[in-house]
Every structure is written in structure tokens, then in C-alpha cells.
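Work through the exercises below with the model open. Each task is followed by a worked solution.

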Amino acid sequence: MSQIKKVTLKTFRFNAETDYLPYYKHYEMEVGKDELILDLLNRIKWEHDGSFSYRRSCRHGICGACAIKVNGRATLACKQNALELVELFGDELLIEPSSTKRAIKDMIIDKSDFWEKHATIKPYVVTEVDPHPQTESKQSIDEFNNFLDSDLCIQCGACHYSCPALEANPDFLGPAALNAAYRYVVDTRDEAGDERLKITAEEGKGVWDCVKCYECAEACPKEIDPIGKIGKLHNLQFERGVAEPNVATRHAEGFLRGMKKTGYLDEADIVTYSEGWLASYKHIGTAMKMMKSGKIHWHSGIPFINSIPKIKNLDEVQKLIEISQNNKL
Amino acid sequence: MSKQLHYALFTGCTAKQSTPELLSSTLAVANKLGIKITILEEASCCGASHLQDFDEFLAHVLNARNICYAEKLGLTMITICNTCQLNSAMTKHALDNDPDLKARVNEKLAEVGLEYKGTSEIKHFLYTLIDEYGLENIRNKVEVPLSHLNIAPFYGCHNIRPSELHENANGGENPYNPTSLDSLIDALEGNPVEYESKNKCCGFHVELQANHTSEVLSGNALLDAMDNNADLMVTPCPLCHLKMDTYQPSISKTMGRDVELPVLHMPQMVALALGCTEEEIGLNFHVQKAKHLYSQAS
């Protein structure tokens, strides 16, 4: 990497009070190897246009204020080396707010949706506190480690505004709020775990609406792995008996039905079992098309009856399910 | 090629059920390129990230069992489904980095006479073609250049994210700017379509419980490819294929625009360029008509 590079910043500009539409302005500058994206934002403001607006505060990756997107990639401006991104995307960098839809002024967005979702899951320890305790409320190192990494969240919104499930379904709680839910659910001092789990289990807004794209894991500047926490919340719903039978929970549990019979997932059974026979009518049209094209086929037996081949040593899978399964619906 | 490449193939469930064309085209490509394939007939479902939601430990046990059979052969396990790749690699990563979990899993596996050691690598077929067989070697084998076709690469989430998990298996592909599928299309002399949605999610995994989300995500990607003049889309993931091929009529309704785009499996595209037979390529198995590509390609 050369020491200095000429870079063009194609920068999103918008003032909700005066502009009808956003526009992009190009700023050219020579960028040195140690400069951060935040340095470039400062230079736009100090050297080009004093009205350019963005949030920044701590400069140490801890306040979460300066989260933006560079070429679509969630970026904490004060942590990200600029030339690293030039190497990845070329010498024109697209500088945009975390969510262009929610822009108020340039990089500054309205994060109210983020905070509303966050508040929904009760992001605090719920417990009866003795005003005059005689002993400390101790936790073991293991108990503490259970939520340590999820507690590192700086609420920058990088994962939240990278989540395509949220983009398509505004009711979805999103990865940041769900990570926060996990943090308190596994806190041994907290007494609202099941209540919180029920909130995260709600159809249409909870964990079952996660599309499993891993965008949040990629976006998080603190390497928290929000989707990993969503996976743990899924498991906790079954472990603590909070999971209600519905299309999503049956879909997760139902994989075992086919696996016990053939070793494979039964593609037809998983639909009818998850949806229930009555609701499966929705899929008849698709099934007919799949039949016509041969996706549902007669090569290996009668469709829906015995068309799925069996794996070798199926008895091993059956035995392992029998001795390793911990959770039930 | 000095030494013959030899892999243990984990077919996954879809290749054995709704996408037989994926298996036949994979085997045809391997055959044309002189790659030896041993199918892991003992391998079960990977759990597809749903069993993992229900019972994570059980999912690890079952995936470890699959990997055991590749280890027994002393071969790299290759996958032809991004989600199989993800879940197998997740189990491998968990067991290789957590001795306690590995011991607990092996305690169960011992009951059926197996032991997970961690000796086999797990790689998607796309990356073995590129990194081990080599793009230049593929280019030399092209019989039917795809030069008439604008091909939109659709990477599928589970081969590129989380990037830390995949970096050894996918040549360090950057999830924000993936290039492997583009370069494969280029090697087959096709024209890679540049479009924003190529590394986005198709929504397959919430097809049942959040249908609208699923349709919107697929619709966005398909329309983005169409608006950038794609003649077809190609994906290394049969789940992306199933969502985006099979549901185009309902996606059209959701999006309020006609969505019509053939979505090929990655090995089908390679098979087309290598001059494999129509029976091997299996475009007849697509819901969205794709058979015209046989003549358009040649």
C-alpha cells in the first residue's frame, strides 16, 4: 500500500428541512495511511463545507455515534482505516448515513426506531432490590461470561441498519434489541427472563423473523455476533418451555421427523407439519408447479410416500437423536 | 493437473429431492474436469440452521457425524449448498475450538462407534473449482463459451458470511465485495452482471413464517438483476435457487412487476459451458423456463 492515495469521496448530502431530495457531492483529497474515515469526514467539514453534518464524540469506538456506511458496509468512522477501504472498493468511496431513508442531515439519522425497539425488550435488570442488603449480589465468573460479550454493545445501530429483515418488515425487533434481550435473559440477577423471552418469541416481530443472513455479525464493530445471540434465544425458548407450537417452532423441531425416517429433511412434510394441513393450501399452487417441472418427481419413488432415499447407517442418526436431544416443543 | 483431485461430496437434502439437476450437473462437471467424487451416502441433513435453533447440541452431534465419514476417507468434504457449508463449518469451528464441547460430542458419537477428529477440511464446490482446480484450467476446458449471456452472480449469504468462519474455505472472499462467482463467469467467457444485490439475502429461511419478508428480499434481488440486463442468475446455493426460481409467480404479485429470470445452479452454468448433455444439466427441472439457454449458449 502506498503511503498517500488520491481518493474521491462520493458523499450523501441532505437537509430534511430544506432539500426535497438527497444528492451526492464529490470531494477529492489525498489520504495518508494512518487516516481514519472520521478524519476524512472532519476534512470535508473543515476544508470543504462547514455545513457538512455528522455525529462524533469519543473517537475511541465506544460511544457509537459515528456509525455510517461506506460503499454499503457498516463502518464505525473512528475505528476504520480509510485506505483499507480504498483497497477493498477502489479509489472512490461512497459515504452514506447508516440509513439513507432515515436521514435528517447528511450523516445524521433519526434513530428513534432503534431506541423504541430497544425499549421493548426491557433492557435493564428486573428484580426486587432490598434497599438495605446485608450481602453482595454475587455472580460467578461463568455467570458473568454468559453475557459479557453481548454487554459490549455500544448501540451504534450498525447491525440494526444492516438488517434486511428489518428493511422488509418494520415490526421486526432487529439484531441490536434481540442481543440486548439475550444479555438480560441470561443474567442470573434478572427475574424477567421468561417475560422477555415471550416478547422475543412473538410471531412477526421476534427471533423467528430473522432471515439468517449474518449481515449483523459482519456489521458489528464490537464483534458481538448478534445472530449468535438470536440463535441462543431460539434455543432458550425451548429449554425454558416458553416456545408455543406455531409455524416457526414446528419448522425448527420438524426437521427431526424426516431425519429419523430417512436421515434427510423431508421437504414436503416440513411444509405440511409446520403449517398444519389446513394452512398448507397456500402451497398447493407452488407444489403443482414443482410437480410439473419435475422438482417433485417420481425418480426415486412415489412423491410424498416413499420418494426420499435413505442414508446409509440410518440407525446411527436415530440413535444419536435419541441420546443427544435435550429440547422439546 | 499433476495429481487427481478427489473429494468427499456432502450432497445435502435438496440435491436428493427437489433439485436433482444440482447433483447431476455437479457430477457431470467433476467428470468433465477429471475430479474424483465419492458421495458421502452416510451423511444426514445438516439441520439447515433450523434444527440448530431447536437443539444446538444435537445439531452439532449430527453434523460431526457427517464430517467423521469424510475424515474416515481422509478427504476434504465438499458441499454444494451454502447452508450445508455454513452448518458443517460451524460445527467444525465449534468443536475444533472448544475441547469440552468436542469431548461431549465424541461421547455421543462413541455410542455409534465414531470419533470426530477435526482432520477434514470443509469447502464449497465453488471454491474448490476456483482455488484447487484453477480458473485458467477451467477456461481451457470451455467448449461452449457463454459469451452471449449476461449472467448475474448471486452469492448467497452462507458462503460469504460470517466472513471470519469462512476465510480459510473461501479464499478470504470479502462479503461486501465478493468476486469468485464473477471470475468463474468470466472464465466461462460469460458477461458478469454488476448489480447491488449480488451479496444480499434471498429470504429462503423465513419462507414459511415470514412470507412477505422472504418475497420482498427475493423480489428485490431478481428485479435488480433484471434491471441490469441479466439473461439469467446463477447461484451456488440450491436454497437461493428454490426460493428464487420456484416462487417467481408469487414474487411478481408481491412486487407488482413481472419477475421472469432463470436461476441456475453454479454447476449447471459450468456444465453448460463444458458442453455436458442436456440430461446432465437438467434445465427442464426449473419452474421458470430455462431450456432456451441450451440454444442461446451455443
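Two residues are in contact if their C-beta atoms, placed from the backbone, lie within 7 Å. The model is predicted: local features need pLDDT of at least 70, side-chain atom pairs count only at pLDDT 80 or more, and totals for chains, interfaces and linings use all residues. Residues are numbered from 1 along each chain as its sequence is written, while chains are lettered from A and ligands numbered from 1 in the order in which they are written.

**Exercise 1. Describe the side of chain B that touches chain A.**

Step 1. Count the contacts. 55 residues of chain B are in contact with 62 residues of chain A.

Step 2. Find the elements. Helices and strands are DSSP runs (H or I, at least four residues; E, at least two), numbered from the N terminus. Helices H2 (51-54), H3 (56-73) and H10 (211-227) of chain B each give two or more residues to this side. H3(B) has the largest share, six residues.

Step 3. Sort by class. Ala, Val, Leu, Ile, Met, Phe, Trp, Tyr, Cys and Pro count as nonpolar, Asp, Glu, Lys and Arg as charged, and the others, Gly among them, as polar. The side of chain B that touches chain A holds 25 nonpolar, 19 polar and eleven charged residues.

**Exercise 2. Characterise the overall build of chain B.**

Step 1. List the secondary structure. Chain B has 15 helices and eight strands.

Step 2. Test the compactness. The radius of gyration is taken over C-alpha atoms, and the globule rule is 2.2 Å times the number of residues to the power 0.38. Chain B has a radius of gyration of 19 Å, close to the 19 Å that the rule gives for 298 residues, so it is as compact as a globular protein of that length. Its C-alpha trace spans about 55 × 50 × 30 Å along the principal axes.

Step 3. Check burial. A residue is buried if 20 or more other C-beta atoms lie within 10 Å of its own, exposed if 12 or fewer, and partly exposed in between; C-beta atoms are placed from the backbone. In chain B, 62% of the 298 residues count as buried.

**Exercise 3. Analyse how the two domains of chain B meet.**

Step 1. Set the bounds. They come from an automatic or database domain assignment. Chain B is divided into domain 1 (6-123) and domain 2 (136-297). Their C-alpha centres lie 23 Å apart.

Step 2. Inspect the boundary. 26 residues of domain 1 of chain B are in contact with 26 residues of domain 2 of chain B. On the domain 1 side, helix H1 (20-33), helix H4 (82-97) and strand S4 (122-124) of chain B give two or more residues. H1(B) gives the most, with ten residues.

Step 3. Sort the domain 1 side of chain B. Twelve residues are nonpolar, eleven polar and three charged.

**Exercise 4. Work out which residues of H5(B) are buried and what they pack against.**

Step 1. Name them. Val105(B), Lys108(B) and Leu109(B) are buried in H5(B).

Step 2. Look down the axis. The arc is that of the directions from the helix axis to the C-beta atoms. The buried residues of H5(B) fall within an arc of 100°, so they line one face of the helix. The face turned away carries exposed residues, including Asp100(B) and Glu107(B).

Step 3. Find the partners. The buried residues of H5(B) pack against helix H13 (314-324) of chain A, together with H3 and H4 of chain B.
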